[in-house]
Structures are given as C-alpha cells and as structure tokens.
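Please go through the strand pairing, the core and one pocket of the structure below. A short report follows.

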Amino acid sequence: MINNVVLVGRLTKDPDLRYTSNGTGVATFTLAVNRNFTNQSGEREADFINCVIWRKPAETLANYARKGTLLGVTGRIQTRSYDNQQGQRVYVTEVVADNFQLLESRNASDQRRTTDSGSGSNNTYNSNSSSGFGNNNSNQTQSSQPSGMPNFDRDNSDPFGNSSIDISDDDLPF
C-alpha cells in the first residue's frame, strides 16, 4: 500500500510545540495550500491542512518557522478518533510529517517579515535522522546562520570556469 503526501504551503500560525509525558516533542501546525485552479469569481482558493511532526524535527520547526513561512512537507495521511468531553466521537484526519523543508531564503523571509511576519531558510529536517541536523561544517558564517544551524549557502561559481580540458580524437570512444 502507498500512503505518501507532499505539500507546499504557508503556515497559518506559529507551530504549537508540546511534549508528551515521556518528553517526546510534538508540533502541530496548519498549512495553507493553494489550489491549482480559480473559482467562478476568478479567485484562488486554499486548503487548510492539519499536520503533526514528532521528536527533534518538531523542535526545529517550532524554533525556525513562523506564521507565513513557506514550507515543504512530506509524510503520510493518518486518521484517528477520540471521545470529546461531551462523549461524542470525534474523527481527525491529519498529515504526519516525516520531514520538512523551509523553502525561502533567510533574506526573502526577512524582507517579507517587514511587511508580514515569518522566517525561513533552505534546510531540510528529517524525523528519521538521529541528530536532526546532519553534519555541521566548521566554516559556517555565524552572523548569517543561527547557532546550531548548518550553512547551506550555495556556491554558484563555475568549477570549470578558469580551466580548459584538452581532449584528442584518440580519447573519444567513438
């Protein structure tokens, strides 16, 4: 059976981080995901999808994502039920996130924060990872990255820009 979900949307509010009785972190959040079409009046509608993420990635999400953050989520759909205080059976369908990715650069989110609110980065966090962060590089720029966050800045320089490759006809396989 296949139960995979991939979502890209914006957080509707700050993630809600809580801890279970044994100390396991769990964050709940709602993603607003635009539909691919417009309604009859020409407006684009959105679906509001409830999500939950566990352990270290939950703590990371709560620390680095804010209302309005553009977020990519992969996970699975889960249904559960419980009895509320009135004794009624309540059914819940939600996405259990395996990992997430902040899809905005820090500069873009800081610029958006001046008009809206939110933050972001280009980092992926996997709940199946034991550390949640991967390897930290010693050449991080502390002023541009928060403490504990790996530096994922892209090197856009051309590695072959200053060199030439000489290939003779004898080197070609055809």
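F29 of β3 stands opposite C51 in β4. This is a predicted model.

**Strand pairing**

The β3–β4 pair is antiparallel and is joined by 10 bridges. The two strands also form a hairpin, with five residues between them. Within that hairpin, G42 takes a positive phi near 85 degrees.

Strand β3 covers residues 25-38 and also pairs with β1, again in the antiparallel sense, over two bridges. Two facing pairs can be named here. R10 has A32 of β3 as its bridge partner. L11 stands opposite L31 in β3.

Strand β2, residues 16-19, is another antiparallel partner of β3, with four bridges between them. R18 faces V26 of β3 in this pairing. β2 and β3 make a hairpin too, with five residues between the strands. G23 sits in the turn and has a positive phi of about 90 degrees.

Strand β1, residues 5-11, has a further partner in β5, residues 70-83. The two run antiparallel, joined by six bridges. V5 stands opposite G75 of β5.

The pairings are set out below.

| Strands | Sense | Bridges |
|---|---|---|
| β1 and β5 | antiparallel | six |
| β1 and β3 | antiparallel | two |
| β2 and β3 | antiparallel | four |
| β3 and β4 | antiparallel | 10 |

**The nonpolar core**

In soluble globular proteins, nonpolar side chains tend to be buried together. Here the largest nonpolar core has 19 residues. Which residues have the most contacts inside it? They are F29, L31, I53, L71 and V73. The core draws at least two residues from each of β1, β3, β4, α1, β5 and β6, the last spanning residues 89-102.

L31 is worth a closer look. Setting aside neighbours within four places in sequence, L31 contacts L7, G9, R10, L11 and T12. Its other contacts under that rule are D47, F48, I49, L71 and V73. Two of these, L71 and V73, are also listed among the core residues with the most contacts.

**The second largest pocket**

This pocket has a volume of about 160 Å³. Its lining consists of K13, D16, T28, F29, T30, N50, C51, R80 and E94. β3 and β4 (44-54) are the elements that give two or more residues to the lining. β3 makes the largest contribution, three residues. By class, the lining holds two nonpolar, three polar and four charged residues. F29 and C51, the facing pair named at the start, both belong to this lining.

**Two single residues**

R55 lies in helix α1, residues 55-64. Most residues other than glycine have a negative phi. R55 has a positive phi, near 65 degrees, and is not a glycine.

T69 lies in the loop between α1 and β5. Is T69 buried or exposed? T69 counts as buried because its relative accessibility is 0%, and the cut-off for buried is under 20%. T69 and K13 are 56 residues apart along the chain, yet their C-alpha atoms are separated by 9.0 Å. K13 is also one of the residues lining the second largest pocket.

Methods
Residues numbered from 1 in each chain as written. Predicted model: local features only at pLDDT ≥ 70, side-chain atom pairs only at ≥ 80, totals over all residues. Heavy atoms only, no water. Pairing = 2+ DSSP bridges. 1 Å grid on protein atoms, 1.4 Å probe; cavity = no way out; pocket = protein on both sides within 12 Å on 5 of 7 lines; lining within 4 Å. Points joined across faces, edges and corners; volume = space filled by probe spheres on them. Nonpolar A, V, L, I, M, F, W, Y, C, P; charged D, E, K, R; others polar. Core = buried A, V, L, I, M, F, W, Y, C linked by side-chain atoms within 4.5 Å. Buried < 20%, exposed > 50% of the residue type's maximum accessible area, 1.4 Å probe, protein only. Contact = heavy atoms within 4.5 Å.
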